[in-house]
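Me: Can you take a look at this one with me? I'd like to talk through how its helices pack and then move on to its cores.

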Amino acid sequence: MNSGEEKIFSELNERQRQAVQTVAGPVLIVAGAGSGKTKTLTHRVAHLLSQGVPASAIVTLTFTNKAADEMKQRITALLSEKEKLIVKIPFIGTFHKFALSILRSHARTIGHEQNFSIYDELDSCAATKQALERLDYQENARAIYKKISFLKNRGDTMGNGRLPKKLQTIYEEYEKILLEQNAFDFDNIILKAVELLEKHPEILNMYYGRYTHFLIDEYQDTNKPQYELLRLLAGKHNNICVVGDDWQSIYGFRSADYRILLNFEHDWPEARTFYLEQNYRSTQNILNASHGVISKNVARTEKKLFTENPSGSLVSVTQFVDEQHETLWIKEKIFSRLGEGINLPRIAILFRTNVQSRIFEDMCIQERIPYQLIGAFKFYKRKEIVDIVAYLRAIHNPKDGAALERIINVPPRGIGAASIARLKKEQWNSEKLTPSPSANRIQTFFTMMAQIRDKAQKLTTKGLIEHVVHTIEYKQYLDPNTDEGQERWENIQELMRIAETFSSTETSGLGEFLHALQLLQDADELDSSKEKLTLMTLHGAKGLEFDTVFISGLEEGLLPHNRSLSIPDQLEEERRLLYVGMTRAQTQLHLTLCQTRYIHGSLQYNIPSRFLQDIPPLYAEFVYQTGTPRTYAGEDGLLYEYQRDREDDEDIVLLG
């Protein structure tokens, strides 16, 4: 074994080593939480490179940009200084980024121009609304779009699949509008890539010649279109390695299907399977407590995580009379951890729904605790940013109706809603409008856009933003003499700074910049280098780890969520969601619940989550914190409430 290979294998345990060395044929790695799956995957890529597999032949797919960036850094660190000069890093990115590269190369084959737009949810809702207007249907556009999106991700529109009759009619009109506007919605990025490869075997054969090895992270989160993309591309060489944990499948609402992982050995009969069960993250008490929760699920693989870490402190399960007392207790615990040398970036408060964040934000503000709320009002969703990005989109793709509708009267140009409606009917062709003062103003706008588009050919993305802002007098529109206007202008300047990394001209740089913005995710906001407490949902915490974790709201109706209580599959996913949250913790895990809590403006009386009864008492400390509730009658909400039908269960400890 040479020094390079020794570097690759020296830090791996025996099962990781076996998984890394098995480079030919299908491989399933069932990797428990904190078991070093990222290490195994990155070392496998490094091993492939050391065996002479060209970097250009390797594709590694992830579900987050953050995970992709981390993998690139780890692989680079495994290379020698000499290798860093001559070895390229393979493609490592999200499913959507990879599929997007296919669409960019073959857009015209499926009826699009290469300067296509990617529609986000807001744009897609606007296109759905336009489809409903054309059909004279009085439906809620957002609800219809959400339903279509879910079914598309479930694969219902693939091949000869059809939706219910009325929905199918809306879907077809919606897709027609996307084609007219030279746009793909987010779901179509993968669906259209699959369609392209299925209908054009010559293109599929071209990719067979290019890619020989596929590695997929978080395989339990794949949906049917993603699975079909992999089946097509990896079907010839069969060199596919997937890493996942069905216990951590929590994206069913996005049509993710953990059964794809469970069926891997059936779909790829020659597959070899490796189980990674040694946990390097958490204490044994945290692992045992979380195992007690997940073991009650029926549909799952069988494994038992272990660690060489200390047993650690017991998991605390603490009930409060209301969320004010809960927040006060969490605050004191945070300050206690800070006093013990644990800094803020190593502490997180997790919750089931975004609405629960407000009281913790208030706590941080009052106590002057620096914090970051992940998945909140994002920089790229601010009005001024959306405005300028819409201008860039309309410059890049003149058919982008969603962008044109946003900017045609921003800043105000005297173009009213009626004129915009007429223009939409003419598919944004201003020359078809009846001559009028309003039509003249519309024509002036399109003339200006054409002039900017011509100028864009010679400008960098940053230079183009500067030119747009100057031409439309956007700074004056913001009124920078006010505090709000100054803050908005500073955001525009930040956008220019970000655009500097896309330095080439309109043909490539602008398109890449716009597509990169559309592929951003909530997790990209997390900055662990800053001295801040993290507040985030349980879904957002996937793949992260913290020394100390607080999970708030262990109450029936919150966790599990009331929408899942009567649906067994969804109830199992809620259990997996709690398991994911619990296994983010390294040394301390605190689960909290309240007898009463304000949710959506109304006071709710709660009973403890059914999941708490599955935590073996040997590994947890159950405490009821006394206090004066805002309003409360009776003692029916104490921790012993949830076990009144299970008094014969030896795992239950009555609390009074």
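Me: At what angle do H18 and H24 pack, and how far apart are their axes?

Reply: In this predicted model, helix H18 (residues 383-396) packs on helix H24 (residues 483-499) at an angle of about 45°, and their axes are 9 Å apart. Angles from 35 to 65 degrees fall in the oblique class, and H18 and H24 are therefore oblique to each other.

Me: Is that crossing left-handed or right-handed?

Reply: The crossing of H18 and H24 is right-handed.

Me: Which residues meet there?

Reply: From H18 come Lys-383, Glu-384, Ile-385, Ile-388 and Val-389, and they meet Arg-488, Asn-491, Ile-492 and Leu-495 of H24. Sorted by class, this contact has 5 nonpolar, 1 polar and 3 charged residues.

Me: Switching topic, which residues touch the most other members in the largest nonpolar core?

Reply: That core has 45 residues, and those touching the most other members are Phe-98, Ile-216, Tyr-219 and Leu-233. Helix H10 (residues 188-199) gives the most to this core, contributing 7 residues. Apart from this core lies another one of 44 residues, which includes Val-389, Ala-394, Leu-459 and Ile-492.

Me: And what does Tyr-219 touch, leaving out residues up to four places away in sequence?

Reply: With those left out, Tyr-219 touches Tyr-227, Leu-230, Val-242, Val-243, Gly-244, Ile-260, Leu-261 and Phe-264.

Me: Back to H10, how does it pack with H12?

Reply: H10 and helix H12 (residues 224-234) pack at an angle of about 35° with their axes 9 Å apart, and their crossing is left-handed. The residues of this contact divide into 9 nonpolar, 1 polar and 3 charged.

Technical notes. Residues are numbered from 1 along each chain as its sequence is written. This is a predicted model: local features need pLDDT of at least 70, side-chain atom pairs count only at pLDDT 80 or more; totals for chains, interfaces and linings use all residues. Side-chain values use heavy atoms; hydrogens and water are left out. A nonpolar core is a set of buried Ala, Val, Leu, Ile, Met, Phe, Trp, Tyr and Cys residues joined through side-chain atoms within 4.5 Å. Buried means under 20% relative accessible area, exposed over 50%, partly exposed in between (1.4 Å probe, protein chains only). Helices (H or I, at least four residues) and strands (E, at least two) are DSSP runs, numbered from the N terminus. Contact means heavy atoms within 4.5 Å. Axes are lines fitted to C-alpha atoms, for helices over the stretch in contact, and angles run from 0 to 180 degrees between N-to-C directions. Angles under 35 degrees count as roughly parallel, over 145 as roughly antiparallel, 65 to 115 as roughly perpendicular and the rest as oblique. A crossing is left-handed if the near helix is turned anticlockwise from the far one by less than a right angle, and right-handed if clockwise. Ala, Val, Leu, Ile, Met, Phe, Trp, Tyr, Cys and Pro count as nonpolar, Asp, Glu, Lys and Arg as charged, and the others, Gly among them, as polar.
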